[in-house]
Amino acid sequence: MSSRRTKLGKLISAWAGVFGGNSGVKSQSKCTSSLSIDNYSQWSSNANSLGGWTSDDGSMSSISASGSSLSFTPKTDGSSYFYTTFDCVQASTDGYEAITFPIKGPAGGSFSLEIQTSTSCAATAYTSHYFQVSGLTGSSQTITVPLSSFSGASLGAVKAFSWADFSTGSYQLGATSFKCKNGSGSSSTSAVSTSTTATPTTTGTTSAPTATGTCAPLLIDDWASQSRLTFLYYNAMLQPSSDDGTMTSIAVLNNQVTLTPASGSYFYSQFDCISATSKYGGIGLKIKAAAGTTFSIDIQTNADCTTTNPVSNVQTTTELGWTFDGTEKAYYIPFTKFSGLNTGKLVAIVFQEYNNKAVTFGPMAFYCGSTGSQYVLPPATTVAAPTATVPATSATASAFVIDQFASSSSNALGYWHGGDDDTGLSYSGGKLSIKFTDSDYAFYTQLTDSCRDMTTYNNGYLHIAYTGSNKFTIALQQHNAGCDETIAPYPETWDTVYASHYSTATDIYVPIAHFNIVKSRVIGVALKGFTGADATVLSKIEIVKTIPAAVIIPAKIPTSPLVFACKRPNSLAFAIDDGSPEYAQEVMSVIKSEGIKVTFFTVGAALLDEGTNLTNVYKEMMAQGHQVALHSYTHPKMEGLPAESDIDWEITNDINAVQKTLGITSKYFRPPFGNEGSRFRERLAALIPGSQLINWSIDVQDWMWGTSDTPEKQLDAFKADLAKGGNLVVMHYLYPSTVGYLREFIQLAKATGKTLMRVDQCMEDPDAPAL
């Protein structure tokens, strides 16, 4: 028994003393009430009420906390225990005379209670003393053990308690406190059956603990998303993170962030008041920087857990002993390097005082114990390229050339071709080079200025001769039913394939049958969603009857349908994107008074941030009968994300956030900025069967005019699209001017005679509420 106790005592003392934790003193004037050691409300985080560490090190058969009690079943071999550590409590000085706690254990049962003390709060040596509790009644009872019962213990420097040597059975332990000699305290002092037993006293010296599985690294940021960092300004903790607005650039890619500072730039990442005492020894991350790079690191703390007037604790890279050589290496920020650091109230880390050299950071996390370690990213999911193939077919209609790029204004059919950004297009020698800087941009080449019937080409192929990058989307566009470009929406929709799935080094062959649109109303071909580093150089776009013998055609990967208009006759839907909670009540008041139901598309990360109050906002909206649907996790341009795994991360995290906060699922997804392409649509279809991608045919253009000198142009934009027959709205409740026009938007829509409803209702979804 003594050897096990000695080992356990060292472990407890190590956790209590790590990183200078024992230099802290829980000292005050003479107590007037009990001091809570642990009410077990933070058991899942291994934290007690004093900000220290508590654990069973996995020694119990089972253990869990609920309310203010801890329930556990020790193993029958006598090896089970649990302990709680804290900054030094000067019990004798402050007037604490006992430890008290309610407990329910097996009738006739017993256990031992260990106290660990030092000669002073600054000392690293410790002594363990023991008290045996016996005669448990089988019912809940209060145990009050006078500290004087631990004969020889130094009660001026108490650092830990441990419970061990349990009789067989199940136990329930309640809130544990130091009982004040001069106070009333909350704990009863009813008599209990206790007895002392001659038990050995053990001594030792504190040392840093070895991780035992009870502590896991705490991620600060894995740099998983550009938009999370630079659009929503969150880190992985969903706490504020950004620069001071002076960085030349902040680029996130492959779980790294590259900061290019200007003079005086700084970058910060906040924590939710982390208590690292006796748990985390510092922060680890990988860094790549050129030789000669220097900067400083400020670990900020605050007694009130806010970032208002925090206490700064600064070390330079030179003081930390860091040097750089242009390669990526592991670096550690041990808290022991920061003199006087309050490890119980960490609120932020700031990187500042750069000497104007770019720095690349890898994943950043708190590490356990005093030995630095790096955060290990979970394995990235990979999306396999299609392996199924389809047999070659042959069309009966004649082949024809669409474009050979002889002119910058028209194609080989004499119809218009051009791009969203002409600066990304270069015509030369019968070739077109495309190098767009934004995944939103597309190149279009029309087959007609009205509708072209392509049904006889359903067994034929779209052929594109190219060199360079094949990382782009190919779309076949469908005109509206009137074949009239003055009617909204125009085009009505399109279906897509990803070029690289169908390409050789020089040719792309796509079956016309792989575009799921109305083939009698084809308007043109669009190439979009360019994400490759190299330019794409086109020499011909044509329709051919069949393919060369050596070409293998993959099976079509399903894509989510892209919707711009309501399906239900004479319907119109307000589909409102993310907004500011301060305007939510006004929005709800307006739509309630107008007697309509609407759909809200919400960003998942903001829902999980309790500070936004968006969860309560959307719960209230749902209670009033409105629909809530998906809008991504961090609001990026979905098709512009580097890899399919990044797309999956956005979709699945959004699904999980909405499920966790609102308890719902949805098959309706609005892409941020309306940005879409084949990779995104393929992954959406795979992850949300039956999903629909909801864009719009009425745009109030609040993003352009909401904060301008001419906000009334939002009304002009709404009226113009409404006059064209648009019936699916996009707007945000981000700006007071937009919210102020909402009632007028609704009344203008009602004046058309259309019925206003939710998106699922206007899509004639059988699962939607009845009108």
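Colleague: Lys and Arg count as positive and Asp and Glu as negative, while His and the chain ends are not counted; what distance lies between the mean positions of the positive and negative charges of the protein chain?

Modeller: This is a predicted model, in which local features need pLDDT of at least 70 and side-chain atom pairs count only at pLDDT 80 or more, whereas totals for chains, interfaces and linings use all residues. Residues are numbered from 1 along each chain as its sequence is written, and side-chain values use heavy atoms, with hydrogens and water left out. With the place of each charge taken as NZ of Lys, CZ of Arg, CG of Asp or CD of Glu, the mean positions of the 48 positive and 62 negative charges are apart by 6 Å.

Colleague: What percentage of the residues of the protein chain count as buried?

Modeller: The C-alpha atoms fill a box of roughly 100 × 65 × 55 Å along the principal axes. Taking buried to mean under 20% relative accessible area (1.4 Å probe, protein chains only), the buried share of the 771 residues is 54%.

Colleague: Which strands stand at the edges of the open sheet that contains β16 and β22?

Modeller: Helices (H or I, at least four residues) and strands (E, at least two) are DSSP runs numbered from the N terminus, and the chain has 12 helices and 48 strands. Two strands pair if DSSP finds at least two bridges between them, and the open sheet in question has 5 strands with antiparallel pairing, in the order β16-β19-β24-β21-β22. Because they have a single partner strand each, one side is left without a neighbour in the sheet for both β16 (241-243) and β22 (314-316).

Colleague: Within that sheet, which residue of β24 is the bridge partner of isoleucine 299?

Modeller: Strand β21 (residues 296-301) runs antiparallel to strand β24 (residues 346-352), and 6 bridges join them. In β24, the bridge partner of isoleucine 299 is isoleucine 349.

Colleague: What angle does the direction of helix α8 make with that of β35?

Modeller: Another open sheet of 5 antiparallel strands has the order β29-β32-β37-β34-β35, and its edge strands, each pairing on one side only, are β29 (417-419) and β35 (493-498). Axes are lines fitted to C-alpha atoms, for helices over the stretch in contact (heavy atoms within 4.5 Å), with angles running from 0 to 180 degrees between N-to-C directions. From one strand to the next in this sheet, the twist averages 20 degrees. Helix α8 (residues 678-687) packs on the sheet, touching β34 and β35, and its direction makes with that of β35 an angle of about 95 degrees.

Key:
Buried < 20%, exposed > 50% of the residue type's maximum accessible area, 1.4 Å probe, protein only. Lys, Arg positive; Asp, Glu negative; His and termini not counted.
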